[in-house]
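Here is a short report on one protein chain. Its topics are loops, hairpins, buried residues and a pocket.

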Amino acid sequence: MPHDGSVYENGEHASLAACTSGCLEWWDSKRNAPLTPETLTRRSQRNVWWICPECHLSFVAPVYWMTWRPSCPECEQVQRLRFSIDREERRHQSIADYPDLLAAWDDEMNPFDVPMTDYRSYRFVCPAGHHPRQTPSSYLDNGCRHCRAARTQADPRQVYLRQTNPELAAEWVRVIGDAEERYTPDNVKESSRRKVVWSCLACGHEWTTTPRERGLRINNRCKNCGKVLGSFAWKYPSLAEEWDPRNPTSPWNTTPAGRLTFKPRWICARNPDHRWEMSITSRVKHSRGCPFCSERSAE
């Protein structure tokens, strides 16, 4: 398979153009020219221009951050300000001050005694008959969490972990407390806060954290063996099979574009007597295989 940078050897689309997080709607084509989403990978650290679809602010942010969670600095500042104002107003109010909230109240506590800023969860009843337990502010601002989840699940545009990050899906073991295995990479998003057990593809080490936490750069390595997400071994498995085990590091511990302090040694998969040194870049971008086999083919 030709390694043109748009599709990895394992079939995973590497280019930003294949991203499904919604960030492509923010791409500022005029300011970024001649750059295009096809010329960048989803995990690129390059700072590029984006345009907020809400307030139309142009701003600079790294690609990897926007592919994980598209956000506008100005809109977020406004949201934080509104949150502070609303919270200050609600400090002096109770459930009974909000007719819609009072109508949905289904808890044994007296709604006149429950402040709007209470962080505890209470029982409500929504028009659909669900009885969610939520904080007063959560129910007022976002509505019934069961209805919200149903709408999200029914949206045909939804994409889940197996599509957005196949490597994390491959390391998925189970969700903590999910004995019936209702949650899988096919219905859980990369931004999920559910506690998941993961198993390292390289060493088998198991640990627990959320998909959201695993997406952070500070958590992209296995704490046991140092395997990095997006490793050379994951992206180009057949090339990694020719990695000489005498190299100072594992093909799981470096990325296709990673900087090494040594030139990797390789062992030909067809003839173990063929051994040579070559950079990862030469093998990936220039599709260079075993030089000895190539010489014989040319004869």
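## Pro272 and its loop

Pro272 is partly exposed, at 47% relative accessibility. Here buried means under 20% relative accessible area, exposed means over 50%, and partly exposed lies in between, with a 1.4 Å probe and protein chains only. Pro272 sits in the loop between β8 (265-267) and β9 (275-277). Helices (H or I, at least four residues) and strands (E, at least two) are DSSP runs, numbered from the N terminus. Pro272 and Tyr236 are 36 residues apart along the chain, and 19 Å separates their C-alpha atoms.

## Model and confidence

This is a predicted model, in which local features need pLDDT of at least 70, side-chain atom pairs count only at pLDDT 80 or more, and totals for chains, interfaces and linings use all residues. Residues are numbered from 1 along each chain as its sequence is written, and side-chain values use heavy atoms, with hydrogens and water left out.

The chain has a mean pLDDT of 88, and 94% of its residues reach 70 or more. Residues 1-5 have pLDDT below 50, and this stretch makes 10 contacts in the model beyond near neighbours in sequence. pLDDT is the predictor's confidence in each residue, from 0 to 100. A contact means heavy atoms within 4.5 Å.

## The β1–β2 hairpin

Strands β1 and β2 (58-62) run antiparallel. Five bridges join β1 to β2. Two strands pair if DSSP finds at least two bridges between them. Ile51 has Ser58 in β2 as its bridge partner. Six residues lie between the two strands of this hairpin. In the turn, His56 has a positive phi of about 65 degrees, although His56 is not a glycine. His56 is exposed, at 59% relative accessible area.

β1 has two faces. Val48 and Trp50 form the covered one, while Asn47, Trp49 and Ile51 form the uncovered one. Trp50 is buried, at 0% relative accessible area. Leaving out residues up to four places away in sequence, Trp50 touches Leu16, Cys23, Trp26, Trp27, Asp28, Leu57, Ser58, Phe59, Val60, Ala61, Val63 and Met66. His146 is 96 residues from Trp50 in sequence, and their C-alpha atoms are 34 Å apart.

## A cis proline before β1

What is the geometry of the peptide bond from Ala33 to Pro34? The bond is cis, with omega near 10 degrees. Pro34 lies in the loop between α1 (29-32) and β1 (47-51).

## The β6–β7 hairpin

β6 and β7 also run antiparallel, and four bridges join them. Trp198 has Trp207 in β7 as its bridge partner. This hairpin has six residues between its strands, and Gly204 takes a positive phi near 85 degrees. Side chains alternate along β7 (residues 206-209). Trp207 and Thr209 point to one face and are buried, whereas Glu206 and Thr208 point to the other and are not.

Ahead of β6, Glu181 occupies the loop between β5 (172-175) and β6 (196-199). Its phi is near 55 degrees, a positive value in a residue other than glycine. Glu181 is exposed, at 58% relative accessibility.

## Two buried residues

Which kind of place does Glu171 hold, buried or exposed? Glu171 counts as buried, because its relative accessibility is 1%. Glu171 belongs to helix α8 (residues 166-171). Not counting residues up to four places away in sequence, Glu171 touches Val197, Trp198, Ser199, Cys200, Leu201, Trp207, Arg214, Lys227 and Leu229.

Met116 lies in the loop between α4 (99-104) and β3 (122-123). Met116 is buried, at 0% relative accessibility. With residues up to four places away in sequence left out, its contacts are Arg90, Gln93, Ser94, Ile95, Tyr98, Leu101, Pro136, Ser137 and Leu140. Met116 and His92 are 24 residues apart along the chain, with 7.9 Å between their C-alpha atoms.

## The second largest pocket

The second largest pocket holds about 660 Å³ of space. A pocket is an open set of points on a 1 Å grid over the protein atoms alone, where a 1.4 Å probe fits, with protein on both sides within 12 Å along at least five of seven lines; lining residues have an atom within 4 Å of a point. Grid points are joined across faces, edges and corners, and a volume is the space filled by probe spheres set on the points.

The lining of this pocket has 16 residues. Ala149, Thr152, Gln153, Asn187 and Arg194 lie nearest its centre. Four of the lining residues are nonpolar, six polar and six charged. Nonpolar covers Ala, Val, Leu, Ile, Met, Phe, Trp, Tyr, Cys and Pro; charged covers Asp, Glu, Lys and Arg; the others, Gly among them, are polar.
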